[in-house]
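This briefing covers one residue, one core and one helix. Keep the sequence and the 3D view open while reading.

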Amino acid sequence: MMMNVFWISVLTVIVLVSKSTCLIAFSSYMSEYKAISQSHSVVDETTLIFDKVEINSGSDYSVVTGKFTAPSSGIYAFTWTICVDSRYKYPAGEYNYGEYGTELMMGSTKIGVLHTDTETKYDDACSTGFVIKYVSSGNQVYVRNNYDHQGRLLSKESQTRTTFSGWKMQ
């Protein structure tokens, strides 16, 4: 009887350790090049691509699609920061305000909304959204543009980053 209890305890410890070390997390940001190129091509409902990855345990975030695919069901936390720049000079020679609206999407369902606006010309601004949500295995979570924008996205190594991150809480 004591031997069975010992093995059950050992198996319990092994399961707990393997669960605690198997973290699901990603942290990504846009390179300056990607921020500039997407600023020129983003239209309503375009998925934003965060092409640089700090961490991607499990490889569940795709730098090609900009989407995180939940490998298992559970409660996840997501955060995204959108920075805009109004210093971009349009081809006609005028400057414009920096303004972007974004949505955090789970499949086709909107689970978060964010608005970033410089309010003045020759300025930049950042806004951050945070959402905790139950996500089923296989569902995709991503950030998309939700209306016509002004200015351009801002993400520079020397200044600030436009980011998208997430992790499984339980």
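**Residue V135**

The model is predicted. V135 lies in strand β7, which spans residues 124-135. The points below begin with V135, then turn to the largest nonpolar core and to helix α2.

- V135 has 0% relative accessibility, and it counts as buried because buried means under 20%.
- Apart from neighbours within four places in sequence, V135 is in contact with A70, S72, S73, G74, Y76, F78, M106 and V141.
- One of these contacts, M106, is 29 residues from V135 in sequence. In space, the two residues are 8.0 Å apart, C-alpha to C-alpha.

**The largest nonpolar core**

- Which residues touch the most other members of the largest nonpolar core? They are F78, I82, L104 and F164, out of 27 residues in this core.
- Two or more residues of this core come from each of β4 (74-85), β5 (99-106), β6 (109-117), β7 and β8 (140-145).
- Strand β4 gives the largest share, with 5 residues.

**Helix α2**

- Helix α2 runs over residues 32-41, and its buried residues are A35, Q38 and S39.
- These buried residues are on the same side of α2, because they cover an arc of only 110° around the axis.
- In an α-helix there are 3.6 residues a turn, so residues three or four places apart point the same way.
- The cover over the buried residues of α2 includes β5 and β9 (152-153).

How values were computed
Residues numbered from 1 in each chain as written. Predicted model: local features only at pLDDT ≥ 70, side-chain atom pairs only at ≥ 80, totals over all residues. Heavy atoms only, no water. Helix = DSSP H or I, 4+ residues; strand = E, 2+ residues; numbered from the N terminus. Buried < 20%, exposed > 50% of the residue type's maximum accessible area, 1.4 Å probe, protein only. Contact = heavy atoms within 4.5 Å. Core = buried A, V, L, I, M, F, W, Y, C linked by side-chain atoms within 4.5 Å. Arc of directions from axis to C-beta.
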